[in-house]
Amino acid sequence: MSAPPTFADARNRRQKARVAGLHPDYWYAVEHARALPRGRAVEVKFWNQSIALFRGDDGGVRALENRCAHRHLPLTLGSVEGCRLTCMYHGWSYDESGRLADVPHDRFGHPMPAVGLRAYPARVRYGLVWIFPGDPARATERRIPDIPELEGRDRWACVPLDFTWRAHHSLIVDNVSDFSHAWLHRKYRPFSDARLTRCEAIGDRVYVGYQTKVGRGKISGLFVDRRRVNTDAMDLCYEYPYQWSDTGGKIKHWCFFLPIDERTTRTFFLFYFESLRVPLTRVRIPRALMTPLLRVANRLLVAPLLRQDGAAVEAEQQAYETHHALPVPDLNPAVALFQQLTVRKWEEHLERAGGV
Ligand code: FES
Ligand SMILES: [Fe+2]
């Protein structure tokens, strides 16, 4: 049994998509903001690069290459001192630009070593920490997606949740936008009887539309007010490198993918709702109560549903590694468009980086 081909050796679109990275010149969600309180450092990985996230005394979030410039220990083993990250071993300390700012021991007559670390632009938005792993000069021209519903006083209820699956990101993109896998969720029925009504690539986006019955599960269906929300159709988009859906302008979600390595992806799911009703009535649940309700719903309904997807994509990853040479008779034309976009963007990156 041979290993799957590399990107350069891949013979078809699917094989290329299965090993492509995600273009680094975008903002990527890497952690929940609440996992990074003041004074804490956390390691995250983007496509095998280890990155130290830390939050200083002033509340600001920073990201540095996770490697002390002295003997290359991970800086996340060290500590946050003020607004600097300090190595555990000899205490060399780095500021947010990656500059070596302090050596706390005798330098034996040497000047400060002229060493520094790569710094990544970092921000907090929608309860997530975002970094820009690509060319920092492009960080200002690219935007974290604007989600107006999640901003301001009257924002919609949203409780982000995330999963790390042993699967390549392209498998997850296929999964979240291809409703032909309703069978997997026949117990929860998040989308039943789906019929493709739109499938169109425009620039760096692939739009998909379904006529489908949204949220007809026994419990989830109770909270959706069908007189106010059209739940007979759903629009989706692979808006590279993210993915979103919209049901009647009232129920929406974004998926943000963090490609950790060739076979590991962390996905942040943000489902948000304009309103939900008290079951069996027309009474809208007050916004203030929706957040705790969503917390419970995430645990009881959403997470079990998404764990089904996780089990499927992890099994598919292993299946791909064994059967990468076999044909895949995909029936949904959207899948080919997702893969084309993933491959094209990765080729753009390789060309820019001079790797092709
Ligand atoms: S290894 Fe980091 S200070 Fe020496
Ligand atoms: Fe699914």
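The domain assignment divides the protein into domain 1 (27–138) and domain 2 (148–349). The model is predicted. The centres of the two domains, taken over C-alpha atoms, are separated by 33 Å. Contact between the domains involves 15 residues of domain 1 and 20 residues of domain 2. The size of an interface is often expressed as the accessible area lost when the parts come together. Here, domain 1 and domain 2 bury about 1,600 Å² between them. Carbon and sulfur atoms account for 61% of that area. On the side of domain 1, Tyr-28, Trp-47 and Tyr-126 supply 40% of the area buried against domain 2. No other three residues supply more.

Polar interactions also cross this boundary. Between domain 1 and domain 2, 9 residue pairs are in polar contact, with both residues at pLDDT 80 or more. Three elements each give two or more residues to the side of domain 1 that touches domain 2: strand E1 (28–32), strand E2 (41–46) and strand E11 (128–131). E1 makes the largest contribution, with 5 residues. By residue class, this side of domain 1 comprises 9 nonpolar, 2 polar and 4 charged residues.

The interface of domain 1 and domain 2 contains 2 salt bridges. In the whole structure, the search finds 29. The pair Glu-31 and Arg-266 joins strand E1 to strand E19 (residues 264–273), so the pair ties together parts that are 235 residues apart in sequence. The side chains of Glu-31 and Arg-266 meet at 3.2 Å, N to O. Both partners are covered. Glu-31 is buried because its relative accessible area, 10%, falls under the 20% cut-off. Arg-266 is likewise buried, at 14%.

Other salt bridges link residues at short sequence separation or form part of a wider set. Arg-67 pairs with Glu-65, and their closest N and O atoms are 2.7 Å apart. Arg-67 is partly exposed, with a relative accessible area of 26%. Glu-65, at 19% relative accessibility, counts as buried. In helix H5 (residues 333–352), Arg-344 and Glu-348 are 4 residues apart, a separation of about one helical turn. An α-helix has 3.6 residues a turn, so residues three or four places apart point the same way. The side chains of Arg-344 and Glu-348 form a salt bridge of 3.1 Å, N to O. Arg-344 is partly exposed, with a relative accessible area of 32%. Glu-348 is also partly exposed, at 31% relative accessibility. A network of salt bridges links Asp-25, Asp-135, Arg-138, Glu-141 and Arg-352.

Individual positions were examined next. Arg-125 lies in strand E10 (residues 122–125). Arg-125 counts as buried, with 19% relative accessibility. Its side chain makes a polar contact of 2.9 Å with the side chain of Asp-146. Beyond its neighbours within four places in sequence, Arg-125 is in contact with Trp-130, Arg-143, Ile-144, Pro-145, Asp-146 and Glu-151.

Thr-164 is located in strand E13 (residues 161–165). Thr-164 is partly exposed, with a relative accessible area of 43%. Residues up to four places away in sequence aside, Thr-164 touches Ile-260, Thr-264, Thr-265, Arg-266 and Glu-314. One of these, Arg-266, is the partner of Glu-31 in the salt bridge described above. Thr-164 and Arg-198 are 34 residues apart in sequence, and their C-alpha atoms are 30 Å apart in space.

Cys-199 belongs to strand E14 (residues 191–202). Cys-199 is partly exposed, with a relative accessible area of 27%. With residues up to four places away in sequence left out, Cys-199 touches Tyr-207, Pro-333, Ala-334 and Leu-337. Cys-199 and Ala-233 are 34 residues apart along the chain, with 14 Å between their C-alpha atoms.

Helix H2 (residues 169–177) is mostly covered, with 9 of its 9 residues buried. The buried residues of H2 are His-169, Ser-170, Leu-171, Ile-172, Val-173, Asp-174, Asn-175, Val-176 and Ser-177.

Methods:
Residues are numbered from 1 along each chain as its sequence is written. Chains are lettered from A and ligands numbered from 1 in the order in which they are written. This is a predicted model: local features need pLDDT of at least 70, side-chain atom pairs count only at pLDDT 80 or more; totals for chains, interfaces and linings use all residues. Side-chain values use heavy atoms; hydrogens and water are left out. Domain bounds come from an automatic or database domain assignment. Contact means heavy atoms within 4.5 Å. Buried area is the accessible area (1.4 Å probe) that two parts lose on being put together, summed over both. A salt bridge is a side-chain nitrogen of Lys or Arg within 4 Å of a carboxyl oxygen of Asp or Glu. A polar contact is a pair of N or O atoms within 3.5 Å; within protein, one must be able to donate a hydrogen and the other to accept it, and residues adjacent in sequence count only if both atoms are side-chain atoms. Ala, Val, Leu, Ile, Met, Phe, Trp, Tyr, Cys and Pro count as nonpolar, Asp, Glu, Lys and Arg as charged, and the others, Gly among them, as polar. Buried means under 20% relative accessible area, exposed over 50%, partly exposed in between (1.4 Å probe, protein chains only).
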